[in-house]
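Colleague: I'd like a close look at one part of this model, the open sheet and what surrounds it. Could you walk me through that in one go, starting from how the whole chain is packed?

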Amino acid sequence: MHKNTGNAAAMKRSNRKAILNLLFYKSMSKPELAHELKLTRASLGLHADELLASGIVVERGTGESGSGRKPMLLDINASHKHVACLYMSRSEAVIAITDLRGKVKARVMLPADSNPENEMGFIRDSWSELLESSGIDLDTLIYSTACVPGPVDIKSGVMLTPPGMEKWNQFPLGEELAKITGLKVLVENNAASLALAEMRFGLGRTYQNFLYIVVDSGIGGGMIMDGQLFKGSGGFSAEIGHTSIYMNGRWCPCGNNGCLERYACIPALLQDMFSPDEISSWGQVVDLAIQGDRTCVSVMEKEADYLSQALVNYVNLMEPEAIVFGGDLLHKPDLMAKLITERVSKRSITRRNIPVLPSAIAEDAHVLAAATIGINAFFG
Ligand SMILES: [Zn+2]
């Protein structure tokens, strides 16, 4: 008896989650939802009516119908719940409040401090201002999220050994944020969060299996498999920056030799290819290459060689539908996309053309990535 009741409750939860997830991507009518989820119209109607009554789903416009009355379309009510989020890198920190579609209701830019005590002080001092300027009902806040440089223990919310942020080693960020916000805190590393944002708001609408690789002062990754972020057994999956491209190559603090990051992160590449003060950013390299500067074209080719060495291994292991890149490489990304695509396609065992594409999230990717940690947890 208890078991049946439990099964029925689990089934109800699962059906509702499935309805919400479909509506996240597209407004649909009740008959369309019933068809898609293989539910009877009566059963779908019950779930939909309860979701409408709770306020998470709303009626918005009408759909097409072959004949008769046009069906009402259902949609997510994005302002039903909100997420408070923190995005942090070595050079940037921002706190924001977004709705369930990642729309920013308020934000406060903060200095990025190498000392965690100072940074938490900035967040504490700005928290009330953030809440007030958002204008939201505070009862609608469901999570506080933090998107931070890895590695990070996502279960405990403790930052481990983020490169270049030594004072943050072993800092219990989740615990400290909970003290300020009073909310359940979810912590995730930057690259995985960007992959999740790409899944929900970008190229995930076309591809369900892809690797997201972010190249800037480090190299990180996030694996999307069947529409879900693959976290590995302990949250350390997709560390493509720490896959080796030279067996006897440079030593890496991770313990390996020849890690991709030691050659292809932007500071390492620029240091190897230019004399000091000659070129200071990836953007300059791309701009000059587009103008026909041979040296800069060859630097881009070198970067494509490094990255494709690791990406071919990934493609041969996982056979994704696509590879998506972000970070500094998003500056005028077409030439780089072409250079990597050529190399990966020629050398992958599938011999299929695996598209290598720039991220489709051009604006506000960092805040959206931080918000998506909470949005994804809500929709599941
Ligand atoms: Zn390494």
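Modeller: Of the 380 residues in the protein, 39% count as buried; keep in mind that this is a predicted model. Among contacts between residues at least 6 apart in sequence, 61% join residues at least 24 apart. As for secondary structure, there are 12 helices and 15 strands. The radius of gyration comes out at 23 Å, close to the 21 Å that the globule rule gives for 380 residues, so the protein is as compact as a globular protein of that length. Along the principal axes, the C-alpha atoms fill a box of roughly 70 × 50 × 45 Å.

The domain assignment splits the protein into domain 1 (2–76), domain 2 (81–190 + 366–379) and domain 3 (203–358). Taken over C-alpha atoms, the centres of domain 1 and domain 2 are 32 Å apart.

Now to your sheet. Five strands make it up, in the order E6-E5-E4-E7-E10, and the sheet is open with mixed pairing. Strand E6 (104–110) and strand E10 (184–189) sit at the edges with a single partner strand each, so one side of each has no neighbour in the sheet. On average, neighbouring strands are turned by 15 degrees against each other, direction ignored.

Let's go to E4 and E7. Strand E4 (residues 82–88) runs parallel to strand E7 (residues 141–148), and six bridges join the two. One pair to pick out on your screen is His 82, whose bridge partner in E7 is Leu 141. Then there is helix H4 (residues 116–134), which packs on the sheet and touches E4, strand E5 (93–99) and E6. The direction of H4 makes about 155 degrees with that of E6.

What about the nonpolar side of things? In soluble globular proteins, nonpolar side chains tend to be buried together. Here the largest nonpolar core has 101 residues, and Cys 85, Leu 86 and Tyr 212 touch the most other members. Helix H10 (residues 294–318) supplies the largest share of this core, with 10 residues.

Cys 85 is a good place to zoom in. Which residues is Cys 85 in contact with, leaving aside its neighbours within four places in sequence? There are Ile 95, Ala 96 and Thr 98, then Thr 145 and Cys 147, and finally Val 367, Ala 370, Ala 371 and Gly 374. If you want one residue to centre your view on, I'd take Cys 85, one of the three that touch the most other core members.

Conventions
Residues numbered from 1 in each chain as written. Predicted model: local features only at pLDDT ≥ 70, side-chain atom pairs only at ≥ 80, totals over all residues. Core = buried A, V, L, I, M, F, W, Y, C linked by C-beta atoms within 7 Å. Buried ≥ 20, exposed ≤ 12 C-beta atoms within 10 Å, placed from the backbone. Helix = DSSP H or I, 4+ residues; strand = E, 2+ residues; numbered from the N terminus. Contact = placed C-beta atoms within 7 Å. Rg over C-alpha atoms; globule rule 2.2 N^0.38 Å. Pairing = 2+ DSSP bridges. Axes fitted to C-alpha atoms, helices over the stretch in contact; angles between N-to-C directions. Domains from an automatic or database assignment.
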